[in-house]
Amino acid sequence: MTESLIWWSIAIYLLIAIGIAIMSRQGPSESMSGYFLGNRQMNGFVSALSYSATTYSAFMMVGLAGLTYAGGVGALGFEIIYFAGVSLVAIFGPKFWAVGKKFGFVTPSEMLGHRYNSKHVAMAVSIASCIFLIPYSAVQLAGVGYLLQGITDGAITFTTGVVLATVIAIFFSYIAGIRSVMWTDSLQAIMMIVASTLVAFLVIQGLGGFGALFDTLATEHPQSLTVPGPGLFSFVTFLGLTIPWFFFSISNPQVSQRLFMPSSLRSMRHMLIGFLVFGFIYTMVSVLWGFSALAAFPSLERADLATPTLLASEFVPPVLGVIVMIGIMAAAVSTIDSIMLTLASMVSRDVYANVKPNVSEKRQLLVGKFVVPVIALLALAFAELQLDLIAVLSVAASSGLVAMVPALIGAFYWKRGTGVGALVSVVGTSAFVLLMYATGNSLLGLPAGVWGIVVASVLFVGVSLMTKPHQASSDAFFTAIAEELGKKRRTTTDQATKEAAA
């Protein structure tokens, strides 16, 4: 695979993606809801593809494949736990959608601030999200850097790949806000799933078929097919990685913000079903890539080089290899531009607007657009550190974001939850997780991924029981959910009755 083929392929991809992004524009977006939520009018098909592309980023084809290479079949169990956690969308999604529609929420942090009648809660959630998601954004940029560096044997440097991904993400974010991101995500998701699946089958055939692949693994790397595996996973390590991953769909604001966007509950249901189908296929493909790289190239210097090495090998035709490379790069870009938009909306809506009350919607939008490249440059600087194992870094970010989970669950299911409880839980747990990672990530033999949810729950429940809830905001919140979902059920029943009568 030549360097010129890679650059020409990137150029063609950019031309097509920019065309789609420009066509997605529906005039200038002058409101926060229009720019960051697509006016809450996204259909199920686009939402499903965009949700998939945003969630399954460089982590999958670079990170999960590398985790499989290093840790064996335990990596599949790790990702299946995440899959189980997606069931939380079915539970919380309709409630997010209902209150978002009723109160006009733009961000999950704004929703929590309203529910607990505390601007400090909204600000704390926003700031904590920035602290943990900027490194996660850097993970996506690093994925592109490792990919281009590995596939060209260093001809394209790590820094070149990181800068390229940063520029593309900023550009897509600015064209039409979330609409351009979601439509380019759709293109990227289709590329990702089709090309990677096809190449996985070609590689496995090149290794002699499924039987030969697993015979090789069983003979030469038997521990990779057993639990806990060749040494990366122990029960405690597995628990520390999977607990934050289980809550990913509600703890990560770039994902939960998507629950405000569907035009209807039906669109949300289609989004969830489409995502589950996409995710199952992509998970199996990523794990097979890791196993294939282990069988073909058992002595790689870094596990995260499994995918780039495989793409540059004789098993993959150059044209197909470059298509997959573009798909992985596009996946990383789709995640970082979604994160940039989400964090920008949180900073402008929940930090700036709370520091300067009565600021106009137009001014908030202007601040949000200014914040986008700032976040991108911070992520770029972090990516240049080239820290090890993309998958582990991804989960480290999710370990911190678990701080928001008890407050989120309490917002919908516990009227006794208070603003002080939510604030102490978010701030205290975030500080605790940062301290654990700074001091070796172990307390009584357990990592932050295990302690995070425990500390957050104890702080939220304990402080809430010692303080008084704001009854009016709690009652309004729960009433809005009942009214919106009840209204939707009545509409659905009426439509079914009419269809039956016809």
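Buried means under 20% relative accessible area, exposed means over 50%, and partly exposed is anything in between (1.4 Å probe, protein chains only). Keep that handy for the exercises. The model is predicted, so local features need pLDDT of at least 70 and side-chain atom pairs count only at pLDDT 80 or more, while totals for chains, interfaces and linings use all residues. Residues are numbered from 1 along each chain as its sequence is written, and side-chain values use heavy atoms, with hydrogens and water left out.

**Exercise 1. Find the salt bridge between Lys102 and Glu483, and work out which parts of the chain it links.**

Step 1: Start with the rule. A salt bridge needs a side-chain nitrogen of Lys or Arg within 4 Å of a carboxyl oxygen of Asp or Glu.

Step 2: Check the distance. From N to O, Lys102 and Glu483 are 3.8 Å apart, and their side chains do form a salt bridge.

Step 3: Place the two residues. Lys102 is in helix 6 and Glu483 is in helix 23 (residues 471-501), so the pair links distant parts of the chain, 381 residues apart. Helices here are DSSP runs (H or I, at least four residues), numbered from the N terminus, as are strands (E, at least two).

Step 4: Look at accessibility. Lys102 counts as partly exposed because its relative accessibility is 42%. Glu483 is partly exposed too, at 42%.

**Exercise 2. Which residues are linked with Arg349 in a network of salt bridges?**

Step 1: Take the partner in helix 7. Arg349 forms a salt bridge with Glu110, with the closest N and O atoms 3.3 Å apart. Arg349 belongs to helix 17 (residues 318-355) and Glu110 to helix 7 (residues 108-115), so this pair ties together parts that are 239 residues apart in sequence.

Step 2: Now the other partner. Glu361 also forms a salt bridge with Arg349, and here the closest N and O atoms are 3.1 Å apart. Glu361 sits in helix 18 (residues 361-383) and Arg349 in helix 17, so the parts tied together are 12 residues apart in sequence.

Step 3: Sort the residues by accessibility. Arg349 is buried, at 14%, and Glu110 is buried as well, at 18%. Glu361 counts as partly exposed, at 31%.

Step 4: Put it together. Glu110, Arg349 and Glu361 form the network. A search of the whole structure turns up 3 salt bridges.

**Exercise 3. Describe the surroundings of Lys95 and the packing of its helix against helix 20.**

Step 1: Locate the residue. Lys95 is part of helix 6 (residues 87-103).

Step 2: Hunt for a charge partner. Lys95 is buried but has no salt bridge, and the nearest side chain of opposite charge, Glu484, is 13 Å away. (Lys and Arg count as positive, Asp and Glu as negative; His and the chain ends are not counted.)

Step 3: List the contacts, meaning heavy atoms within 4.5 Å. Apart from neighbours within four places in sequence, Lys95 touches Phe412, Tyr413 and Ile481.

Step 4: Read the helix geometry. Helix 6 and helix 20 (residues 405-413) pack at about 70°, with their axes 11 Å apart. That makes the two helices roughly perpendicular, a label for angles of 65 to 115 degrees (under 35 is roughly parallel, over 145 roughly antiparallel, the rest oblique). Axes are lines fitted to C-alpha atoms, for helices over the stretch in contact, and angles run from 0 to 180 degrees between N-to-C directions.

Step 5: Name the residues involved. Helix 6 brings Ile91, Phe92, Lys95, Phe96 and Val99, and helix 20 brings Leu408, Ile409, Phe412 and Tyr413. They divide into 8 nonpolar, no polar and 1 charged. (Nonpolar: Ala, Val, Leu, Ile, Met, Phe, Trp, Tyr, Cys and Pro; charged: Asp, Glu, Lys and Arg; polar: the others, Gly among them.)

**Exercise 4. Is Asn441's phi positive or negative, and what about Leu444's?**

Step 1: Recall the background. Most residues other than glycine have a negative phi.

Step 2: Check Asn441. Its phi is positive, about 55°, although Asn441 is not a glycine. Asn441 is in the loop between helix 21 (419-438) and helix 22 (448-466), and at 22% it counts as partly exposed.

Step 3: Check Leu444. Its phi is also positive, about 55°. Leu444 lies in the loop between helix 21 and helix 22, and Leu444 is exposed at 75%.
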